[in-house]
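Here are my notes on the model, point by point. Please read them with the coordinates open.

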Amino acid sequence: MQIGLRRAVSRRAVMSTALLLAAGMSAAVPGVAAAADPVPTTVTVNARAGLATVPDTALGVNDAIWDAELGTTAVSDLLGAAGAQMIRYPGGSYADIYHWRDHTAPGGYVAPNTDFDTFMGSVRRIHAQPMIIANYGTGTAEEAADWVRYANVTKGYGAKYWTIGNENYGNGHYGSAWEADNHADKSPRAYAEGVVAFAAAMKAVDPTIKIGAVLTTPGNWPDGLVGSGDAGTWNQVVLSVAGPSIDFVDLHWYPGGGTAAESLGKTDQIDDIMYLTRQQLARYAGAGAARIKVSFTELNVGVGQNTQPGALFLADAYSSLLDNGVFTVQWWNVHNGIGTVSTVAGQTDYGDFGLLSSGGCQTGGTVCEPAMNTPFAPYHALSLMKSFIRPGDQLVRAGTGDPLLSAHAARRPNGDLAVLLVNKDPDNARAVSLQYAGYSPAAAAPTVISFRNGDTGLSTAATGTAAAQTLAPYSLTLLVLHPSSPVTGAPGAPGQPTTTAIGATTATIAWPAAPAGGSPIAKYEVHRQNGTTSEQLGETPGTSLQVANLNPGTRYTVNVITRDTAGRLSWSSPPLTFTTTSPATSTCTVRFTDVNDWGNGYVGNIDITNTGTYPINGWTLTFTWPTTWQTVNGSWNGNWTQTGRDVKITNIDTNGALAASGGATSTGFVGGYNGPNVLPTAFRLNGTVCTVAA
């Protein structure tokens, strides 16, 4: 097994190298040793700001054919107890060398008793669903179709989700090569055409299956790169060709980070990762792209993989991705093996990407892991996630102003509310004051489930209040709250809103009608999510509304809520996110171009045109970066300054005069980013909002 484990760890190292380019204090949670901050941190939970609904495939893990424990009852029982709902097979890059018929992986190690039927036995034992990776790298569409036939026709397993390959952008086309690929053409177009062929052959056997294609994660290598001879980036080409043939896309995320604090902070990037992913789907995948779902089938933290940072990252990342509508999030891996041993926050970290110990030792036996299948910290975080979210729950907006404290919440059909708090401070406890919008918790002490640094399991107690808690350093804390009084007869929530028209300052939003409850429906209210605050944009008795007074080039997320004649409110609709356009007409036009991208930086160009009837003598162009991790690292043909996220450019002596009705100039820069690179869409020239040219 160690042969396979070392290979998997080595691949992670390659990837990491690439990625580099209310109330007073409540009773303390048992075990809190450090003093809490004297001023409580406010946590706001807005039950009216609805996010995604939790699917029955949300909590996932990876399993691998080099893991001799794959099909054992002991491991199945552990995964079942932790709430695993989806298990991926046959294991990362091994998928592109694995041949299911004879259970071989030329060039790799295959452990005994890890064949497909054994895997399916373990999956079915815990009532999970499989996700199968078809061998694109060294296999064929016919081989994959035969696998579907065996799984779903011969054996009746009902395996629904099938991904074509694994990290196929790592086949050497962009330089780094870790993924097997026997095709002479390793371009994204060749892969996309392969996906189309695989999908056709596999769905000819079972039309009900869902096919996934591999994409790069925005902000992670090789996102942004255009290979020699390619018409665009990997994602652009793959979606343009294979979009009509797929049902979901498959992303991986190893955010790296030199320290645990840096790694844990990367979860702040998830909203923008998902925004760009959906933007790419809408732009490139063709008609009906909204049907294409998103999966994250591998992720792990950069530091402290099997200690508390791994646990905190798992809970925070899973929650944030599910907030954004990902249908499954899958930890790498069940077992992986010992790596570089270190001490993280007082605990021994074995550099092991597994949820469970492999029981191995370093060369020479100097350091050994705990006994085989001993749960590591991320396993307990997965177990806590099982208590946090259930299929059918609606995730709702929660947040804090503390960069070391994350908050997530889920509303349950029975009226309960679950609030997950992640204290990323390794040294200090946090006193928190919780405030609620759209929800009134009962006065009784809530059920509190916690996982603290160094714990070997979850702790459960009824402690504190719904308004005040104390969080141990480096801890996960889950509150399960009951409503102060049951709500009966409330109307149903509206269906998924859509936009029928988007302008610079207006947007028309439509939604399916909601079912009435105990009283007739009086109206629908459209609310904007402004952080954890809901801002009502308008209301109507109908099922569409034009909202006005919006800002050009700005991203908005809205929900629709039903109100009946008795004043009762529904749950919120699913969220709708859209970005307003620039003005159709203006006295200036700006074109922003990413000219040459290398994965964590690029050469950019801005063309400025005076389309007004008066000449301009001296100009200032301003815009705001959408994220905090975007920078100007050099510039020319303009005086560039950046303050926070705000950028200001003024003319130089030779380009300050712009003639009326077409006078133009350009300025360039070197941009840097260490996360998803969301480009700006709103520019002002001497204070006037410009039209943005494509």
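1. Which residue follows α9, and what is the sign of its phi? The residue is G325, and its phi is positive, near 85 degrees. Keep in mind throughout that this is a predicted model.

2. Helix α9 itself covers residues 308-323, which makes 16 residues. From first C-alpha to last it reaches 22 Å, close to the 22 Å expected at 1.5 Å a residue. The helix is mostly covered, with 16 of its 16 residues buried.

3. Next, helix α4. The helix runs over residues 141-154. Its 14 residues reach 18 Å between the end C-alpha atoms, close to the 20 Å expected. Buried here are A141, E143, A144, A145, W147, V148, A151 and N152. The cover over these residues includes β3 (86-89), α3 (116-125), β4, β5 and α5. Just after α4 comes G156, with a positive phi of about 70 degrees.

4. Helix α5 takes up residues 188-205. Does its span agree with or depart from the expected 26 Å? It agrees, because the 18 residues should span 26 Å at 1.5 Å a residue and the end C-alpha atoms are 26 Å apart. The buried residues of α5 are P188, A190, Y191, A192, G194, V195, F198, A199, M202 and V205. They pack against β4 (129-134), α4, β5 (161-164), β6 (210-214) and α6 (234-242). As a reminder for reading such lists, an α-helix has 3.6 residues a turn, so residues three or four places apart point the same way.

5. Now the second largest cavity. It holds about 30 Å³ of space. Its lining consists of Y98, W100, A134, N135, T140, E143, A144, W147 and F198. By class, the lining divides into 6 nonpolar residues, 2 polar and 1 charged. Which helix gives the largest share of the lining? That is α4, with 3 residues. Among the lining residues, E143, A144 and W147 also appear in the buried set of α4. F198 is in the lining too, and F198 is one of the buried residues of α5.

6. On to the strands. β20 (residues 498-502) and β21 (residues 507-510) pair in the antiparallel sense over 4 bridges. They form a hairpin, with 4 residues between the two strands. One bridge sets A501 opposite T508 of β21. β21 also runs antiparallel to β24 (residues 544-547), again joined by 4 bridges. In that pairing, A507 stands opposite V547 of β24. When checking side chains here, recall that in a regular strand they alternate between the two faces of the sheet.

7. N373 and V75 are best read together. N373 sits in the loop between β11 (347-349) and α10 (377-388). N373 counts as buried because its relative accessibility is 12%, below the 20% cut-off. Leaving aside neighbours within four places in sequence, N373 is in contact with E69, A74, V75, L78, H335, L356 and S357. V75 lies in helix α2 (residues 73-82). At 1% relative accessibility, V75 is buried as well. With the same neighbours set aside, the contacts of V75 are E69, L70, V334, H335, L356 and N373. The C-alpha atoms of V75 and T593 are separated by 51 Å, with their places 518 residues apart along the chain.

8. D352 belongs to the loop between β11 and α10. Its relative accessibility is 0%, so D352 counts as buried. Not counting residues up to four places away, D352 touches Q305, N306, N336, G337, I338, S358, E369 and F376. D352 and G337 are 15 residues apart in sequence and 5.4 Å apart in space, C-alpha to C-alpha.

9. Last, T641 in strand β33 (residues 639-643). Is T641 buried or partly exposed? T641 is partly exposed, because its relative accessible area is 42%. Leaving aside neighbours within four places in sequence, T641 is in contact with D646, V647 and K648. T641 and L420 are 221 residues apart in sequence, and their C-alpha atoms are 40 Å apart in space.

Technical notes
Residues numbered from 1 in each chain as written. Predicted model: local features only at pLDDT ≥ 70, side-chain atom pairs only at ≥ 80, totals over all residues. Heavy atoms only, no water. Expected span 1.5 Å × (residues − 1). Buried < 20%, exposed > 50% of the residue type's maximum accessible area, 1.4 Å probe, protein only. 1 Å grid on protein atoms, 1.4 Å probe; cavity = no way out; pocket = protein on both sides within 12 Å on 5 of 7 lines; lining within 4 Å. Points joined across faces, edges and corners; volume = space filled by probe spheres on them. Nonpolar A, V, L, I, M, F, W, Y, C, P; charged D, E, K, R; others polar. Pairing = 2+ DSSP bridges. Contact = heavy atoms within 4.5 Å.
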